[in-house]
Structures are given as structure tokens and as C-alpha cells.
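Biologist: Please take a close look at one residue of this model, and then set it against the rest of the chain. One connected account will do.

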Amino acid sequence: MKHTALADPIILSVTSLSAACAFICSYFLQLYMSNQDQYIAVVGVMFLDGIFGIIAGTKREGFKTHKALSVLRNTFVWIMILSAVLMIEKGFNGTAWLSEVVIVPFMVFQLVSALKNASMAGYIKVGLLNEILDKIDNHKGKRQE
């Protein structure tokens with residue numbers, strides 16, 4: 001095959017671009033596989049809250065497509081935040097605590113939101129939900145009946 005002067009820069013550019021894409025993809029694959037439990041936990045909590053929210057919203061005001069799609073958007077955003085935090089942990093020594101400090105509190109709030117949505121959807125009795133929330137928040141004292 002005869003190479004022209006124009007073909008060599010094109011081949012070099014394509015090769016460089018594919019090598020860069022392969023590096024980025026392999027980096028994120030390794031990041032995901034070494035932290036798969038955290039990614040699965042984020043997706044699981046977000047979908048749990050979203051599904052109960054969709055069911056509760058459907059009972060209240062009918063199905064809303066934009067609210068259902070917001071579950072996917074919120075999950076994607078949390079995956080991006082988790083990825084950024086894990087890259088910081090990987091890149092800087094002494095920051096292994098960062099994902100626990102940043103991600104866990106928000107996931108706890110999402111889990112409480114899932115419980116509330118499940119209660120609003122009729123899957124958890126309100127009294128049981130109040131009992132669960134009182135045990136989580138017992139430093140505030142007893143609930144007035």
C-alpha cells in the first residue's frame with residue numbers, strides 16, 4: 001500500500017485519539033471495578049427512592065414523565081459525584097475517608113426519602129414510619145401523640 005504525505009498525519013491522529021480514549025475508558029473501568037459496591041449502593045438507593053416516589057406521585061397526581069426521568073438524571077449526577085470523589089481519593093494520599101464523609105450523609109437522606117415515599121405509596125404504615133424515624137432521630141426526644 002502506498003502512503004501519501006496526507007495519510008500519515010491522519011493515521012497518527014486517529015491512533016493518538018484511540019489510545020487516549022482507551023486510556024480513559026480503562027481508567028474508569030478500573031475505578032468502577034475497584035469500587036463497585038459503592039456504585040451499586042448509590043444506584044440502588046437512588047432507584048429505590050425514585051420508584052417509590054413515582055408510585056406515590058402516581059397515586060397523588062398521576063404519572064409525570066419528567067419526574068420519572070429525573071430519577072435517571074439524579075442517579076447519573078450522583079454517579080458523577082461519586083466518581084469525582086473516588087478520583088480524588090485515588091489521586092491524593094490521605095483522602096481515603098472522603099467518600100464516606102461526602103457520599104454517605106446524602107445517601108442516608110435519600111434512604112429516609114425512600115422510606116417516606118414508600119409510606120406515601122402505601123407500602124409502609126405511617127405509624128411504623130414514625131417509629132423508624134424516631135429511632136433514627138431519638139436525640140430529639142419523644143414524639144407527641
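Modeller: Tyr32 has a relative accessible area of 31%. Buried would require under 20% and exposed over 50%, so Tyr32 counts as partly exposed. The model is predicted, and this value is computed from it like the others here. Tyr32 sits in helix α1, which covers residues 7-34. Its C-alpha atom is separated by 9.2 Å from that of Leu86, although the two residues are 54 apart along the chain.

The setting of Tyr32 is helical. The protein chain has 5 helices and 0 strands, and its elements run α-α-α-α-α from the N terminus on. Of the 145 residues in the chain, 23% are buried. Confidence varies along the chain: the mean pLDDT is 84, with 88% of residues at 70 or more. Among the elements, helix α3 (residues 65-91) has the highest mean pLDDT, 91, and helix α5 (residues 126-136) the lowest, 75.

Helix α4 can be followed in greater detail. This helix holds 23 residues, 98-120, and at 1.5 Å a residue it should span 33 Å; its end C-alpha atoms are 34 Å apart, which agrees. The helix nevertheless bends by about 30 degrees at Val104, and a proline, Pro105, follows within four residues. Buried residues in α4 include Ile103, Met107, Gln110, Ala114, Asn117 and Ala118. An α-helix has 3.6 residues a turn, so residues three or four places apart point the same way. Also buried in α4 are Leu98, Ser99 and Ser119. Just after the helix, Gly122 takes a positive phi of about 95 degrees.

Helix α4 also takes part in the largest pocket, which holds about 170 Å³ of space. The elements giving two or more residues to the lining of this pocket are α2 (36-61), α3 and α4. Helix α2 supplies the largest share, 8 residues. The lining has 16 residues in total, and Gly53, Ile54, Gly57, Arg60 and Lys67 lie nearest the centre of the pocket. By class, the lining divides into 6 nonpolar, 6 polar and 4 charged residues.

Technical notes:
Residues numbered from 1 in each chain as written. Predicted model: local features only at pLDDT ≥ 70, side-chain atom pairs only at ≥ 80, totals over all residues. Heavy atoms only, no water. Expected span 1.5 Å × (residues − 1). Bend = angle between axes of the 7 residues up to and from the residue. Buried < 20%, exposed > 50% of the residue type's maximum accessible area, 1.4 Å probe, protein only. pLDDT = per-residue confidence, 0-100. 1 Å grid on protein atoms, 1.4 Å probe; cavity = no way out; pocket = protein on both sides within 12 Å on 5 of 7 lines; lining within 4 Å. Points joined across faces, edges and corners; volume = space filled by probe spheres on them. Nonpolar A, V, L, I, M, F, W, Y, C, P; charged D, E, K, R; others polar.
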